[in-house]
Amino acid sequence: MSEIVVALAGNPNVGKSTIFNALTGLHQHVGNWPGKTVERKEGRLLLNGKTVTVVDLPGAYSLAARSLEEQIARDFIARGRPDLVVNVVDAANLERNLYLTAQLLETGVPLLLALNMTDIAASRGIVINPAALSAGLGVPVTLLAASRGEGISALKATMAEMLARLKSSKQMREVAA
Amino acid sequence: MKQTKHPIPLRFVDHGARAKLISIQSSQRIAHRLTELGFVPGVELSVLADSGSALMIALGDTRMALEYPLTQALLVAVLD
Ligand SMILES: Nc1nc2c(ncn2[C@@H]2O[C@H](COP(=O)(O)OP(=O)(O)OP(=O)(O)O)[C@@H](O)[C@H]2O)c(=O)[nH]1
Ligand SMILES: [Mg+2]
């Protein structure tokens, strides 16, 4: 049985590590990416009785890989073949964040959009309709204010749902093949 | 909101003044990267500091240091 891998990806400073910490707690391993000086953080999370490995990717504005951090994120998504990518975006600066989201969608990797910093967005009167965003992008959307611990259980529930669905469709493909 | 008639390079915008990005005048490669970083025509920017070789730019909640040549490529309208 192969392990389930979920990667957290997003622009710099959007709250990826805050979410990573909330998901994995003390079950973390910090090292370096092979041959690189960039920190690699990996942790474990129990979802519906299954162990899921969560990887905290370095911040990236683009998958075109112009910085070392972007190269690492791109390579992991393209070659590491995570089962699911949680794209963390800043709800207070949504537009600029969606550039990377569009690129992630193009890779075809299963994607979940985690709209973080909703507390800041709300304080500025920014109202986001998650259902419309989800319908427009064709991916599930969950809301968080991760530094306050808000939205973490909903995120876990959506991750579990998606992983279960992805697993059964994979099994169906295998049976059909 | 009033804006200057002719776009000027961001390089010459006063500290603290707000400006709107009108266009990017550079090679395709540099323009593309600036766009990825959020320098999309229409966004509002301001200059926070000048190091003597680079400007510290505020772009939404993001702060970015851009070397002078790049700030020369960003054509903006000053808002007041
Ligand atoms: N107000 C608010 N602050 C948040 C939220 N989530 C994270 N932060 C804060 O935002 C800052 C950046 O969070 P990080 O988790 O380090 O962001 P990151 O995406 O891992 O950043 P990089 O690894 O540098 O790309 C920290 O000061 C967090 O406490 C949130 O939902 N609301
Ligand atoms: Mg981080």
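The lining of the second largest pocket in this predicted model has, by class, seven nonpolar, four polar and four charged residues. The space in this second largest pocket amounts to about 310 Å³. Of the 15 residues that line the pocket, those closest to its centre are A:Asn93, A:Glu95, A:Arg96, B:Gly38 and B:Val43, and two elements give two or more residues to the lining, namely helix H3 (94–107) of chain A and helix H1 (28–36) of chain B. The largest share, four residues, is supplied by H3(A).

Turning from the pocket to chain A as a whole, the chain contains six helices and seven strands, and these follow one another along the sequence in the pattern β-α-β-β-β-α-β-α-β-α-α-β-α. A compact globule of 177 residues would have a radius of gyration near 16 Å, and because chain A has 16 Å, its value agrees with that expectation. Along its principal axes, the C-alpha trace of chain A spans about 50 × 40 × 35 Å.

Contacts and surface add to this picture of chain A. Among the contacts between residues at least 6 apart in sequence, 66% join residues that are at least 24 apart. Of the 177 residues of the chain, 46% count as buried, while the area that chain A exposes comes to about 8900 Å², of which carbon and sulfur atoms supply 53%.

Two residues of chain A can be set side by side by their relative accessible area.

| Residue | Relative accessible area | Class |
|---|---|---|
| A:Thr158 | 14% | buried |
| A:Ser67 | 24% | partly exposed |

A:Thr158 is found in helix H6 of chain A, which covers residues 152–176. This residue counts as buried because its relative accessible area of 14% falls under the 20% limit. When residues up to four places away in sequence are not counted, A:Thr158 touches A:Leu112, A:Pro140 and A:Thr142.

A:Ser67, by contrast, has its place in a loop of chain A, between strand E4 (50–56) and helix H2 (68–79). Its relative accessible area is 24%, and A:Ser67 is therefore partly exposed, since that class lies between the 20% limit for buried residues and the 50% limit for exposed ones. A:Ser67 and A:Val86 are 19 residues apart in sequence, and their C-alpha atoms are 21 Å apart in space.

Key:
Residues are numbered from 1 along each chain as its sequence is written. Chains are lettered from A and ligands numbered from 1 in the order in which they are written. This is a predicted model: local features need pLDDT of at least 70, side-chain atom pairs count only at pLDDT 80 or more; totals for chains, interfaces and linings use all residues. Side-chain values use heavy atoms; hydrogens and water are left out. On a 1 Å grid over the protein atoms alone, a cavity is a set of points where a 1.4 Å probe fits but cannot get out, and a pocket is an open set with protein on both sides within 12 Å along at least five of seven lines; lining residues have an atom within 4 Å of a point. Grid points are joined across faces, edges and corners, and a volume is the space filled by probe spheres set on the points. Ala, Val, Leu, Ile, Met, Phe, Trp, Tyr, Cys and Pro count as nonpolar, Asp, Glu, Lys and Arg as charged, and the others, Gly among them, as polar. The radius of gyration is taken over C-alpha atoms; the globule rule is 2.2 Å times the number of residues to the power 0.38. Buried means under 20% relative accessible area, exposed over 50%, partly exposed in between (1.4 Å probe, protein chains only). Contact means heavy atoms within 4.5 Å. Accessible areas come from the Shrake-Rupley method with a 1.4 Å probe; for residues, only the protein chains shown count as cover.
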